[in-house]
Amino acid sequence: MIKKITLSLAVAALAITAKAQDYTPLKQIIGDDFYIGVAINPNQVSGNEDTKTILHNFTTITAENAMKPAGIIQADGSYNFTDADKIVNFAKENGLKMRGHTLCWHASIPRNYMKNADGTDLTKEELYAKHEKYIKAVFEHFPSDVVIYWDVVNEALNDGENEGRYRERSEWYRICGPEFISWAFKTARKYAPANVKLYYNDYNLVDPVKREKCYLMLKELVDSGVPIDGVGMQAHWSMDVTPAQIEESINRFASLGLDVQITEFDLTVYNSIHPPKASERQIVKYTLPYDVVEKAQADAYASYFKVLHENRDKISSVIFWNVNDASSWLGRGFAIRGRLDYPLLFDRENKPKAPFFSIENYYKSLK
Ligand code: XIL
């Protein structure tokens, strides 16, 4: 009896004193395979528990929002680098590398940026001149020994089989046509220091239809000598994504001589991260208890890391989108208000979850 009590007291004491960081860092588990990274916001560099998780595990970071056009360009057209600099200084002080995200994205355009005072659109030439000034300022501002990769264009493609290749409803496309993509890469290359590598970044690139659209676009860019170094597969995946699908995309893009990065990795425990159709809303509007999906998510993550490890010669970075389930854009209810998701390797207390250990076990099995 006494033994039992002593034992349970000891266990309780352990639980209290055990630090969230008492485990092998992810960067040590992954070794030299690729940079392993995470998207962060400026509140996560202040020395709090999230900061500790970042520093314990990762070798590279991306600013979740702070380096997007809408994060830097102010309503009056001036540039404000305050939030971005907090993150870049943190990276510099701690020897982390960064991906800049992003220079041209339809979803991150400051209000009225593409308009005249009377509400009409700028001409293509006016928009190019305005954004060239921005791209130049960005490359002059950020240290190129820290920010070594940049997403030049984000999400310019359409998803569906019955839609054209490009996202025609984007303001970039509407004003400039598809040539804004090559314009952006050429302009970025004009100002980016020579060591900085330039990427096209998009989601759903494991989908056969979108993979092919992306491949054809990239091939045209490469064949016409547009300066592009790689492709970012965002990887906002759900568990129906198969390792074979991932491998096929990596190989297809790498066959063009391009570097591949996994730039926004997370794994929803639901069928899709996107809001369901109104007719389905009743069915999916619930929160799954995590223990029901834990094993499936752990197995899926391990199978994805297997394919990433086996293709590490084609991949330079693998980056998670957010630090933990609490800071995840999905955990915050992006898809459905109030529905909790558990897409990352760390839980809401920054403790490593089953998928973390399944990745560790996979790497151990290689030794
Ligand atoms: C998301 C951020 O996580 C959110 O905080 C923000 O409100 C919207 O953007 N694809 C991208 C990222 O390229 O920039 C997006 O980030 C997620 C989808």
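Visitor: Which residue with a positive phi follows H9?

Guide: Gly225 follows H9, and its phi is near 75°. H9 is called a helix because it is a DSSP run of H or I with at least four residues; strands are E runs of at least two, and both are numbered from the N terminus. This is a predicted model, in which local features need pLDDT of at least 70, side-chain atom pairs count only at pLDDT 80 or more, and totals for chains, interfaces and linings use all residues. Residues are numbered from 1 along each chain as its sequence is written, and side-chain values use heavy atoms, leaving out hydrogens and water.

Visitor: How do you know that the span of H9 agrees with its 16 residues?

Guide: The expected span is 1.5 Å times one less than the number of residues. For residues 208-223 that gives 22 Å, and the end C-alpha atoms are 22 Å apart, so the two agree.

Visitor: Why does Glu155 count as buried or exposed?

Guide: Buried means under 20% relative accessible area, exposed over 50%, and partly exposed in between (1.4 Å probe, protein chains only). Glu155 has 11% relative accessibility, so it counts as buried. Glu155 sits in the loop between strand S4 (147-154) and helix H7 (171-176), and its phi, near 55°, is positive although it is not glycine.

Visitor: What makes Asn322 count as buried?

Guide: Its relative accessibility is 2%, so Asn322 is buried too. Asn322 also has a positive phi, about 100°, without being a glycine. Its place is the loop between strand S9 (315-320) and H13.
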